[in-house]
Amino acid sequence: MAFFTAASKADFQHQLQAALAQYVSEQALPQVALFAEQFFGIIALEELTQRRLSDLVGCTLSAWRMLEQFDPAKPQVRAFNPDYEKHGWQSTHTAVEILHVDIPFLVDSVRMELNRHGYSIHTLQNSVFSVRRDQNGQLLEILPRGTQGEGVLQEALMFLEIDRCSSSAELKTLEKAIHEVFGDVRMSVADFQPMKAKARELLAWLDRAKLKVDKTELDEIKVYLNWLLDNHFTFLGYEEFTVAPTADGGSMVYDEKSLLGLSKRLRTGLSAEELHIEPEAVAYLREPQLLSFAKAAVPSRVHRPAYPDFVSIRELDAKGNVIKECRFMGLYTSAVYAESVCNIPYIRRKVDVIKQRSGFDSSAHLGKELAQVLEVLPRDDLFQTPVDDLFNTALSIVQIQERNKIRVFLRRDPYGRFCYCLAYVPRDVYSTETRMKIQQVLMERLQATDCEFWTFFSESVLARVQFILRVDPKNKTQIDPVLLEKEVIQACRSWKDDYASLMVESLGEAQGTNVLAEFPGGFPAGYRERFAPHSAVVDMQHLLSLSNDKPLVMSFYQPLAQAGQQLHCKLYHADTPLPLSDVLPILENLGLRVLGEFPYKLRRNDGREFWIHDFAFTYAEGLDVDIQQLNDTLQDAFIHIVGGDAENDAFNRLVLTAAMPWRDVALLRAYARYLKQIRLGFDLSYIAATLINHADIAKELVRLFRTRFYLARKLTAEDLEDKQQKLEQAILAALDNVAVLNEDRILRRYLDLIKATLRTNFFQTDAYGAAKSYFSFKLSPRLIPEIPRPVPKFEIFVYSPRVEGVHLRFGDVARGGLRWSDREEDFRTEVLGLVKAQQVKNAVIVPMGAKGGFVPRKMPVGGSRDEVMAEGIACYRIFISGLLDITDNLKEGEVVPPVGVVRHDADDPYLVVAADKGTATFSDIANGIAAEYGFWLGDAFASGGSAGYDHKGMGITAKGAWVSVQRHFRERGIDVQKDNVSVIGIGDMAGDVFGNGMLLSDKLQLVAAFNHMHIFIDPNPDAAKSFAER
């Protein structure tokens, strides 16, 4: 069963019941169906339909089996990783099944415990079932929800899916933790009423006792205790204790008979160190304070994840000495935090005292301000802080007067275990970063071990953060509140403030102010969290350097805290982000393994967007990486790869491993692609790997190439020959150490190719002085071992990421067509095949010919006919330009070598091309390019143009081939002009050779023919009729 759809919950239950019927008996089905209805009662239909029906069936039956047999005295907890083999259903998460007698706080406490262990909850189903069981705990029946009566049990069944546990030990630990939490819950719930009874006993004692306490205060304490009992306090524990003096403070002595709820666990079996309290706490506990408040030292595991509150009544003797303390532990209910402070007993008296002491008119601005401050103060502070301290704090908060300034108020817990801090921060600068900075200062100065915080926002311009910090009571560090506040203010100094001042300092006041105004939003929060303001200044300068001519900037940098073998760089780009799927392959082919990427967007005030992509890399061991070299070489390579000037493949690793500029890498790639065309037998990735494995030899090969075609301009023939010989000997010596035969073969063939190269445009520049985007190489194929036959006299190979092509010439004077090929893998083989055919069919016309072909490599995907043609013409223009770049010219009868080209061959001004498949209409384009170059042949450079013969219309090639046909048959006594001859053909009547050739005799009986689209068959051709048809 797969994922399913359901129109409603009823429809879902109907489908589920049908699926369950396959696994349970007909008698049990109604009960299982009722169980399933209640089990999935609160789950949204959208959540259910995201799971497989088979898995829902599996988890239903699993929970049903748990419910079938249950001892209410033994809660069941089962954590497991469902899989098909063991359980018949599966989930990517860990399943937790819980069955417990229904009592309060179960769900909250389980959820808290899972969160405490770091588990995310993905599914939570909680149902309370009304059931009957026999004396052995066997399920007799499930009743409708909420059924009460004799023998009816209420049982809570929970099903959760959480983050997957990786081991059985982790599953067992989780089960144990949940059982422990249930133990705490049961303690709290079982003693809830006894704890309330204790509160009533204390109320009765207050009525009886003759205490030296102001009657108004005593009455307020009684009202407060009654208020607690009126569902304003969740009682979790109760304890009675006295304090025994010790040499270094005191020791708490608990009356174990008095312990209720969680105190039974928390206050038994304690060590002397755990019972010890500091002298300050002893003094506090001996104060004749009838009602006191504090915080428990251990966070609650029941109901709500917070430090529980202590509410203490101290029993006093007639002299006002403390006899013992009766202490309740618990949590104020949520209603307390929503109720006005004017209605909460005990607090309201403090509030009235503070208002009276302030002297503010309640209807005036300051009076209203004070009332609002007291209303929103944390309830912890209102209960625990003495009136004098509370008055000073409240007045100081009022005095801030809604100004954008930071204030910090600190107080200590009387037991010395907590410090409470209120921090007021301007709302427009408050952030998680700000809060963490404040927290860090507080924890360092107070030497705190734990910290909890709550943030409060209102219509005020200030945000308030309440911190509760756990400290060691033995730590007597004295904190200067004024100095602490100054440290917090310094820590909260705005990143934007530092950035603004640095921008003005770096760019000058005028430009710096203008840039800040142009980018009013500045840098995003994510950027500010990771980078210091001075980095932002550098990044902004890079962004300002972007232009139409420079759309991408790359910068490598070294963080101060640098991990081993890690690099970092930033890419700067305007308007659109760089897609990660495009960037990652480029970086990885450069030899960088991307560890992380962080994009940041900045928006200028005119709406234009700018992007910064921050990358972290690692690279291969053993490489000595220089940041400056990377910023020069690797940055240049990356930008040209992104721009399409260089290909994105494994050859680019040479940029990093061999510190090789991208054009040198492209040179080696070009030779590799030529090796592929001459059928060396190795794929490009293996050739690239060979060069990377032998980067030293690769560098020497490039040096040899540069020596032959660049340094040769400045050297005499003797010096050039000497340098070449030394370099070649060095390469051959290095090749002796290459252990892998195939790698040796590849590297030697590179050496052969460079030596066989006669000319190149590699060092030519365009009209603007920039290097050309394509390479052309004139080769002497006879110097290349194992090259496929027939071997031309000269060959020109043109390479660019956009197009590749070859021109094969078998004599000094030879012409032939240029084909638009679609065979990228072996277009040279195709051209060589055309040469063989040309040599046969043109033997009578001219013994030596030429042929060429080019392959566009970046045709528009899904492009229209016009778009495809436009790209084809553009590639043809590059190909023709590559041929002319390295061809001599004639001016006034004198040979003029091409500019910037070193020649290792004799004068060679002859280059004539013609049309072929796909280029029938391109001759005028070629002649136009020749005219731009000032080539001496003018419009005779490409035959068949508008100023020349119609090669196909005149059937020149067919007529020449037909002479060969006539001779062949004449030698066998057959006259093809008079005698019928059977013919099988390849081609069609639209073709040059076949089409024109079939019209040269009316005695040809065409039996069969085929082209790339059709197959023609005529078993009994009539020569005259078929000739007319043709």
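**Close-up views of charged pairs and one helix**

**View 1. Glutamate 433 and its charged surroundings in the predicted model.** Glutamate 433 is partly exposed, with a relative accessible area of 23%, and lysine 437 likewise counts as partly exposed, at 26% relative accessibility. The two form a salt bridge in which the closest N and O atoms are 3.6 Å apart; being 4 residues apart in helix α18 (residues 432-446), they are separated by about one helical turn.

**View 2. Arginine 528, a buried residue without a salt bridge.** Arginine 528 sits in helix α22 (residues 525-530), and the nearest side chain of opposite charge, that of glutamate 433, is 5.2 Å away, beyond the 4 Å within which a salt bridge is counted. Leaving aside residues up to four places away in sequence, arginine 528 touches Glu433, Trp495, Lys496 and Phe523.

**View 3. The buried face of helix α30.** The buried residues of α30 are Leu720, Gln724, Leu727, Glu728, Ile731 and Leu735; seen down the helix axis they fall within an arc of 100°, so they line one face of the helix. Their cover includes α29 (695-709) and α31 (741-756), whereas the face turned away from the buried side carries the exposed residues Glu718 and Lys726.

**View 4. The salt bridge between aspartate 916 and arginine 819.** The side chains meet at 3.1 Å, N to O, and link distant parts of the chain, with aspartate 916 in the loop between β29 (912-915) and α34 (923-933) and arginine 819 in strand β25, 97 residues apart. Both aspartate 916 and arginine 819 are buried.

Note on methods: Residues numbered from 1 in each chain as written. Predicted model: local features only at pLDDT ≥ 70, side-chain atom pairs only at ≥ 80, totals over all residues. Heavy atoms only, no water. Helix = DSSP H or I, 4+ residues; strand = E, 2+ residues; numbered from the N terminus. Buried < 20%, exposed > 50% of the residue type's maximum accessible area, 1.4 Å probe, protein only. Lys, Arg positive; Asp, Glu negative; His and termini not counted. Contact = heavy atoms within 4.5 Å. Arc of directions from axis to C-beta.
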